[in-house]
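Dear colleague,

I am handing over the structure below for your records. A summary of what was found in it follows directly after.

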Amino acid sequence: MRILLVEDDAEVGRFVKKGLQEAGHTVEHVPNGREGLFMAASENFDLLVLDRMLPGGIDGVRLVETLRGQGNHTPVLFLSALAGVDERVKGLKAGGDDYLVKPFAFAELLARVEALGRRPAVDAPATRLKIADLELDLLSRTVTRGGKRVDVQPREFRLLEHLMRHAGQVVTRTMLLEKVWDYHFDPQTNVIDVHVSRLRQKLDKGFDKPLIHTVRNAGYMIRAEP
Amino acid sequence: MTPPPHPRPQPATPRPATPPLAVPPPLSSGPRRRGQHPGPLWRLLSSTGFRFALLFAVLFLLAGLAFTGVLWWGTAGALDRQVDAAIRADAMALAERWRDAGDPAVADAINERLALDAENQTLYLLAAPSGQRLAGNLEGLPQGFAPEVQWYGMSLERDGIPGEARLFVLPLPDGSRLAVGRDVEEKLRLRELLTEGLAWSAGVALLFAFAGAALLRRALERRLAPVTATAALIAGGDLTPRVPLSGRDDEFEALGRSMNAMLDRIAHLMEGVRGVSDAIAHDLRTPIARARNRLEEALAEANDPVALQGALERGIADLDNVTRVFQAVLRIAEVEAGARRAAFAPVDLVPLLEDAAELYGATAEERGQTLTTSWPDSLPLTGDRDLLLQALANLLDNAVKFTPEGGSIGLSAALAEDAVTVRVSDQGPGLSTEDRARVGERFFRADTARATPGSGLGLSLVRAVVQLHGGTLWFEEGHGQEATRPGLAVCFRLPLA
Amino acid sequence: MLPRFLLALSVLSFHPRLAFSAELRTVPQDLRYCQELAERLAAQPGGSKEPARSLGEEGLQLCNAGNVRTGVARLRRAMRVAQGR
């Protein structure tokens, strides 16, 4: 992916750029909103990673508002030290697609970048999702593996659906909490892990090939090959 | 609790609205006074009490003036009008007579009238066109007589005695003139008397006005003095004094009450700021120190890559933990400051309870615990969905942590008349009465809880959330079955509207 | 003091008279006028009745004694009485 990173802190900028490049992306890094707006408006990017507060008169929110006003719909991920709920809402309202609070783990950033960048343009009206021998019927809301029906609870179904829509990508625990449970809060303990491991038990029981993989220090990923 | 091996950028964590270590600006000093007006006169003029009093006095005087004006018009004015009317009627009667019978008849009538004037107040003159006196008791037309002027008010000398006259001069068709008048000296004297009376009463009224104004000002100042004194003490840096309340249910009482409420709020916020700094000193220092030690150790073991990696990972985990505590502290501060009340919306507590039970039920199950739940179909509230779930999550997390394996946890909610009551009950070691009072203080951890991981911030946040929603938090015995584990039930009550 | 000040303030129609120099003068009342009045009284139908007659006499006497003003006043009152007013 071609990513534009607008970040005024040189160290954070360097760290993020290096990490994204190592993950195989092309990254342009500019240190202020003015240049960021210029770049974003004049070149094509798959994703913008913006600091919320930027020097130079144009902050992240202004930048996105301007871009959206020009009909530019490149996905935007905000990075911010402002963690208040209203700040998040402000960022998303302005046209941001995701919001990550500093300090963050790089794995979290990468997972979110890839989730945003590979988002299907319009949610494909698929009625079936399939990974290896695992099938998800979105209409009847049933799960089958190797032709055998697996009984899951509604929440587990949604959890699995989210993982399968992002097959091959890392999905972090926070992303699951936000997308599957739709809450923004600190669960204190590893509640998500418990739910994922339950789901995993149901799916992998009687099969020697696990499908849900734990990605160390990051989250989970569903994929066919081990 | 083992901190998760990666940082969690917590959604909905508090924004550092105020830098946690920011020292509040000194309350005293600073450009509080506008301009420099040291004069006592300025102080008097700029005093609201004085201005109110002045307004009072002016209104009082205006009322007095209006009263005087009406009185004057009704008495002295009426007298004047009466005199004028009599003079005019007399003159018209004489002119009529002249038309009928000429000068002699008028002269006769004048003499007749004079002969009957026992009070010696009438003035008459019939003057020929040449100005010669034909009849009457006036020597001649008045000084400064002008043909076009009919009415004269002028000084009079009657038999050597000074007086005041009102005179009406009527030209007759043949060029002679008829003057009819009255000596109004008596009336003037009456008027003067009236004037003097009014003046005296105006003087007294003015005195009353000023005395009233002064009293009003004194009363205002006296009622405001406690407020001023309190404000001065606060400005001096002591936040403890409050405006003494008089018990009278008036505006000043309301002012004092709202000022006290404001001061309580300020004190509370200051406490919050202090709490944040305490938190940083107390709870962040330890994990930061631990991370630092670990990294230092890693540096020493730099030639063993496996040990190095382990140390670095633990160091990152420690830093993540620091972040979590930091965000929890900021969130508590944010909630306590009431900043999130803007995000309040109608919310049904039941789905939240269901989600919380589902999220933590799995964890409880894993520990062999059973989670029993009960609530009605709907519990409509106004509040912050994420915060309410956070509160439930913290309570359930505690309950799961403190209940032994195989025990049970209760989560129930009920709709009372005007409030929702939520109860989270466990079979843990419980809390002694002394500890119950202290729990909810930031970082307080009961001795019995020392062995269990946790920051001691969970209940603080719960309490802050409950208070933000206008509710109350209390503790009851849980449903533990052993004497050493009576269990703890944390209950809170949220008002419906 | 203050009332005096206010007196001046509130009584707008009040002109204090200064040095006396009258703009209007009456004809002085003299003995002749007393006699004229007495004659007029005598001509009245009720002029000879009491108490008008004695009042008139009293007035004329006062005039003669030099108290013209009082005399005139008494005579005029006699006239009034004589006319039944």
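In this predicted model, chain B and chain A bury about 3500 Å² between them, with 53% of that area on carbon and sulfur atoms. The interface brings 37 residues of chain B into contact with 39 residues of chain A.

Across the interface of these two chains there are 6 salt bridges. One of them joins A:Arg198 to B:Glu365, whose closest N and O atoms are 2.5 Å apart. Residue pairs in polar contact across the interface of chain B and chain A, both at pLDDT 80 or more, number 13. On the side of chain B that touches chain A, the elements giving two or more residues are α6 (305–336), α7 (349–366) and α8 (385–402) of chain B. Of these, α7(B) gives the most, with 10 residues. By class, this side of chain B has 15 nonpolar, 8 polar and 14 charged residues.

Chain B also shares a sheet with chain C. This open sheet has 6 strands in the order β2(B)-β1(B)-β5(B)-β4(B)-β3(B)-β1(C), with mixed pairing. At the edges stand β2 (133–136) of chain B and β1 (24–25) of chain C; each has a single partner strand, so one side of each is left without a neighbour in the sheet. Strand β3 (residues 151–158) of chain B runs parallel to β1(C) and is joined to it by 2 bridges. In β1(C), C:Leu24 is the bridge partner of B:Leu156. Helix α3 (residues 76–116) of chain B packs on the sheet and touches β1, β2, β3, β4 and β5 of chain B. The direction of α3(B) makes about 135° with that of β5(B).

With kind regards

How values were computed:
Residues numbered from 1 in each chain as written. Chains lettered and ligands numbered in written order. Predicted model: local features only at pLDDT ≥ 70, side-chain atom pairs only at ≥ 80, totals over all residues. Heavy atoms only, no water. Contact = heavy atoms within 4.5 Å. Buried area = accessible area lost by both parts, 1.4 Å probe. Salt bridge = Lys/Arg side-chain N within 4 Å of Asp/Glu carboxyl O. Polar contact = N/O pair within 3.5 Å; in protein donor to acceptor, adjacent residues only side chain to side chain. Helix = DSSP H or I, 4+ residues; strand = E, 2+ residues; numbered from the N terminus. Nonpolar A, V, L, I, M, F, W, Y, C, P; charged D, E, K, R; others polar. Pairing = 2+ DSSP bridges. Axes fitted to C-alpha atoms, helices over the stretch in contact; angles between N-to-C directions.
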